[in-house]
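Good morning, everyone, and thank you for making the time. I would like to take you through one structure, moving from the whole chain down to single residues, so please keep the view open while I talk.

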Amino acid sequence: MNKSVKKSFLAAVSLIALSMGTQAFANSEVKLKKIDWQFDGVFGTVDKVSAQRGYQVYKEVCAACHSMNRIAFRNLTELGFSPAEVKSLAASYKVKDGPNDSGDMFERDGLPSDYFVAPFPNEQAAGAGFNGKAPPDLSLIIKARHDGANYVYSLLTGYGQTPPEHYAPIEGTHYNPYFPGGNILMPAPLSDGQVGYADGTKASVDQMSKDVVTFLQWAAEPEMESRKEMGIKVLIYLAIFTGFMYVAKRNLWKKLH
Ligand code: HEC
């Protein structure tokens, strides 16, 4: 074998070895459950009815631990809540405001322009019950994790499984194969029938997980629908423009021949 052949042979072998290595690594990770979300794809839209139910799940369950400080009550009108509903919803919260003329902070009823009220006053208080780790803000969680929607869905429905033999429990954590490392500080947040849906939908863990993920997807990317719509309009415009240019080109060259 001459030198360059030998070199490329070695390169090929190491490439194959490398790809086998990553393959093995990928296989050792738990595969996420894949859901056919209505918001997936170029024509995807947010299922507003599901997102409204998801808001209820967030409000009644997740909001006990997780803040969502990028969303204001008035944003909920985008999900189909009426301005009156949003107003009374906001008013059911107490919001810290101030200082007033005498320099004191005070509490008042929430307004539609207020942001969601966080369950804890600060990061330390939030982490106190969880080995010092505060539950993360959920406003952008779907975008902050790889394959976010399927990940959060898998996580929420991933409790209660038998851990593998090599599993080493850590004090204060719960087994969930979808959480990196398998030990999560969040106890299983959902159980069947935990919320009462007004539209009669059965509140199974699976259903509540889908709904809350749809809500969180909307929260993370409220502009998604208008962005996709704009993309489609641009494509239509380009198609028509291409047609015009083609006709113009043919006419021009006909004269020149
Ligand atoms: C009892 C408090 C509590 C409740 C209720 C709760 N969580 Fe959590 N959650 C936590 C804690 C604590 C963590 C941090 C876990 C960790 O890092 O080990 C967490 C982490 C998470 C994460 C991030 C996981 C990651 O990859 O870092 C997501 C997503 C999440 N929770 C979603 C939810 C949703 C959705 C609900 C409502 C259905 C909910 N949680 C209800 C305490 C809670």
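The accessible surface of the protein comes to about 16,600 Å², and 60% of that area belongs to carbon and sulfur atoms. I should say at once that this is a predicted model, and I will keep to what has been computed from it. The protein has 257 residues, of which 32% are buried, and its secondary structure amounts to eight helices and four strands. If you follow the chain from its beginning, the elements come in the pattern α-α-α-β-β-α-α-α-β-β-α-α. As for the contacts between residues with a separation of 6 or more, 62% of them join residues that are 24 or more positions apart.

Let me turn to the ligand. There are 20 residues around the ligand, and those that come nearest are Cys 62, Cys 65, His 66, Lys 133 and Met 186. How do these 20 divide by character? The shell is made up of 17 nonpolar residues, one polar residue and two charged ones. Helix 6, which covers residues 148-156, gives the most to this shell, with four residues.

Within that shell I would point to three polar approaches. A polar side-chain atom of His 66 is placed 2.8 Å from a nitrogen atom of the ligand, while for Lys 133 a polar side-chain atom lies 2.5 Å from an oxygen atom of the ligand. In the case of Tyr 151, an N or O atom of the side chain is 2.5 Å from an oxygen atom of the ligand.

Next, please look at helix 3, residues 83-91, where Val 86, Leu 89 and Ala 90 are buried. Viewed down the axis of helix 3, the buried residues fall within an arc of 95°, and therefore they line one face of the helix. The general background is that an α-helix has 3.6 residues a turn, so residues three or four places apart point the same way. What do the buried residues of helix 3 pack against? Their partner is helix 2, residues 48-60. On the other side of helix 3, Ala 84 and Lys 87 are exposed.

That brings me to helix 2 itself, where we find Arg 53. With a relative accessibility of 13%, Arg 53 counts as buried, because the cut-off for that term is under 20%. Setting aside neighbours within four places in sequence, Arg 53 is in contact with Tyr 197, Asp 199, Thr 201, Gln 207 and Asp 211.

A second residue that I would single out is Ser 209, in helix 7, which spans residues 205-220. Ser 209 is buried, with a relative accessible area of 0%. Its C-alpha atom is separated by 7.9 Å from that of Gly 54, although the two residues are 155 residues apart along the chain. Again leaving out neighbours within four places in sequence, Ser 209 is in contact with Tyr 153, Leu 156, Thr 157 and Leu 190.

The third is Asn 183, which belongs to strand 4, residues 183-184, and which counts as buried at 16% relative accessibility. The side chain of Asn 183 makes a polar contact of 3.5 Å with the side chain of Thr 173. Not counting residues up to four places away in sequence, Asn 183 touches Tyr 167, Ala 168, Pro 169, Ile 170, Thr 173 and His 174.

Finally, a few words on backbone geometry. As general background, most residues other than glycine have a negative phi, and most peptide bonds are trans. Where does this model show a cis peptide bond? One joins Gly 98 and Pro 99, with omega at about 0°, and Pro 99 sits in the loop between strand 1, residues 94-97, and strand 2, residues 106-109.

Asn 131 is not a glycine, yet has a positive phi, near 50°. Asn 131 lies in the loop between helix 4, residues 123-127, and helix 5, residues 141-144, and with 56% relative accessibility it counts as exposed. Asp 147, also not a glycine, has a positive phi of about 50°; Asp 147 is found in the loop between helix 5 and helix 6, and is partly exposed, with a relative accessible area of 26%.

That is where I will stop, and I am glad to take comments.

Notes: Residues numbered from 1 in each chain as written. Predicted model: local features only at pLDDT ≥ 70, side-chain atom pairs only at ≥ 80, totals over all residues. Heavy atoms only, no water. Near = heavy atom within 4 Å. Polar contact = N/O pair within 3.5 Å; in protein donor to acceptor, adjacent residues only side chain to side chain. Helix = DSSP H or I, 4+ residues; strand = E, 2+ residues; numbered from the N terminus. Nonpolar A, V, L, I, M, F, W, Y, C, P; charged D, E, K, R; others polar. Buried < 20%, exposed > 50% of the residue type's maximum accessible area, 1.4 Å probe, protein only. Arc of directions from axis to C-beta. Contact = heavy atoms within 4.5 Å. Areas by Shrake-Rupley, 256 points an atom, 1.4 Å probe, with all protein chains shown as cover.
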